Amino acid sequence: MDQVLIFANPISGRGRGQIVATALRAMLARQGFDAQIISDPPSKFATLQPGHHPRAAIAIGGDGTLREVARWALRSLTSTGELPCPLLIVPMGTANLMGQHLGIRRHRLGGEEDIVAAIQNPRIIQLDAAKANDGLFLLVAGVGLDGAIVHEMDRTRRGPITRLSYILPALKAVATYTFPPITVTIDGNRVWNDQPALAFVGNVAEYGTGFPILPDARPDDGLLDVCVLPCSSIAELPHRFLEAATGDHITAEGVIYAKGKNILIESAIPIPVEVDGEAAGFTPLNIEMLPTRIPFIVGAQPKS
């Protein structure tokens with residue numbers, strides 16, 4: 001019997017994730033799969049013993065849930081020597097950046113048949129993965145104001161969040177952030193030297209703001225995109241925001257936009273960092289591309 005693991009964040013979709021997981025397990029069992037639900041908090045996913053190499057792993061939740069499932073998949077690889085099992089995401093988080101990128105819409109109850117069809121006859125793509133300090137990195141990381149917003153959100157959150165939950169943390173971060181200087185090094189070459197700026201590193205173009213801060217990013221080119229936006233005060237933010245919203249920021253005067261495999265962002269004082277939309281400590285931030293890609297199931301193969 002082929003095994004399918006269903007990783008369900010217990011608070012995803014305000015509890016609906018568990019309903020979806022139960023429905024999927026029943027449908028997969030009827031199709032002859034050995035389906036198991038893991039409903040631990042996502043922080044415990046990566047500690048699970050690899051065991052038998054499963055047919056697929058389903059991640060029900062947001063981008064944070066996906067990252068922990070991907071960590072488990074990579075740990076399975078190092079333990080068994082096999083390739084990572086394919087991941088299938090069921091988006092039920094706030095931003096769902098990976099779902100946006102893969103064209104997978106936020107899940108609605110009743111769509112489980114499509115998921116089972118994708119497990120039976122999967123269409124798979126391979127996406128790059130990177131290491132950010134001691135954690136896994138799949139999407140976009142930010143150093144500076146957005147890191148401060150995510151840190152404040154993490155400090156005050158209680159349970160599931162929505163986009164509206166970011167309003168007060170954003171206002172507080174904007175009011176208190178001091179725009180300290182940063183230094184950015186790409187593949188050993190210093191491209192930004194001890195000047196105030198906001199920095200973004202990404203594997204995909206999408207960003208939680210709704211526009212592509214890294215428009216040239218590709219998740220399968222073996223490279224990370226880097227954007228350094230000069231910004232020394234709150235007064236400059238509206239201008240930078242408008243440039244990014246229209247896509248003019250990458251050609252604006254003083255902006256650095258480049259690609260590389262190893263990115264180091266440093267500062268004289270610790271600056272908040274966010275990785276894949278979650279608080280990830282403070283600078284220095286070292287991101288390096290991993291040699292192994294992660295397979296994602298993006299749907300069922302078309303019928304001939």
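The chain contains seven helices and 17 strands, where helices (H or I, at least four residues) and strands (E, at least two) are DSSP runs numbered from the N terminus. The structure is a predicted model, in which local features need pLDDT of at least 70 and side-chain atom pairs count only at pLDDT 80 or more, while totals for chains, interfaces and linings use all residues. Residues are numbered from 1 along each chain as its sequence is written, and side-chain values use heavy atoms, with hydrogens and water left out. Of the 304 residues in the chain, 49% are buried; buried means under 20% relative accessible area, exposed over 50%, and partly exposed in between, with a 1.4 Å probe and protein chains only. Among contacts with a separation of 6 or more, 75% join residues that lie 24 or more positions apart, a contact being heavy atoms within 4.5 Å.

Helix α1 comprises the 15 residues 16-30. The expected span of a helix is 1.5 Å times one less than its number of residues. For α1 this gives 21 Å, and the end C-alpha atoms are 22 Å apart, which agrees. The buried residues of the helix are G17, V20, A21, L24, M27 and L28. Seen down the axis of α1, these residues fall within an arc of 135 degrees, so they line one face of the helix; the arc is that of the directions from the helix axis to the C-beta atoms. An α-helix has 3.6 residues a turn, so residues three or four places apart point the same way. The cover over the buried residues of α1 includes the strands β1 (3-8), β2 (34-38), β3 (56-61) and β4 (87-91), together with helix α4 (112-120). Just after α1, G32 adopts a positive phi of about 90 degrees.

A similar description applies to helix α4, in which E112, I115, V116, A118 and I119 are buried. These residues cover an arc of only 160 degrees around the axis, which puts them on the same side of α4. E113 and D114 are exposed on the other side of the helix. The buried residues of α4 pack against α1 and against the strands β1, β3, β4, β5 (122-127) and β17 (294-300).

The packing of α1 with α4 was then examined. Their axes come within 10 Å and cross at roughly 50 degrees; axes are lines fitted to C-alpha atoms, for helices over the stretch in contact, and angles run from 0 to 180 degrees between N-to-C directions. The angle makes α1 oblique to α4, since angles under 35 degrees count as roughly parallel, over 145 as roughly antiparallel, 65 to 115 as roughly perpendicular and the rest as oblique. Helix α1 passes α4 in a right-handed crossing; a crossing is left-handed if the near helix is turned anticlockwise from the far one by less than a right angle, and right-handed if clockwise. In this pairing, V20, A23, L24, M27 and L28 of α1 meet E112, E113, I115, V116 and I119 of α4.

A second helix pair is formed by α5 (residues 145-156) and α6 (residues 167-176), which pack at an angle of about 130 degrees with their axes 8 Å apart. The two helices are therefore oblique to each other, and α5 passes α6 in a right-handed crossing. The contact involves L145, A148, I149, E152, M153, R155 and T156 from α5, and P169, A170, K172, A173 and V174 from α6.

The loop between α6 and β9 (181-186) holds P180, and F179 lies in that loop as well. Phi of F179 is near 55 degrees, a positive value in a residue other than glycine. F179 is buried, with a relative accessible area of 5%, and P180 is buried with a value of 8%. Not counting residues up to four places away in sequence, P180 touches P196, A197, I269 and I271. The C-alpha atoms of P180 and S233 are separated by 9.5 Å, although the two residues are 53 residues apart along the chain.

Two further backbone features were noted. D194, in strand β10 (residues 189-202), has a positive phi of about 50 degrees although it is not a glycine. D194 is partly exposed, with a relative accessible area of 44%. The peptide bond from T283 to P284 is cis, with omega near 10 degrees, and P284 lies in the loop between β15 (278-282) and β16 (285-289).
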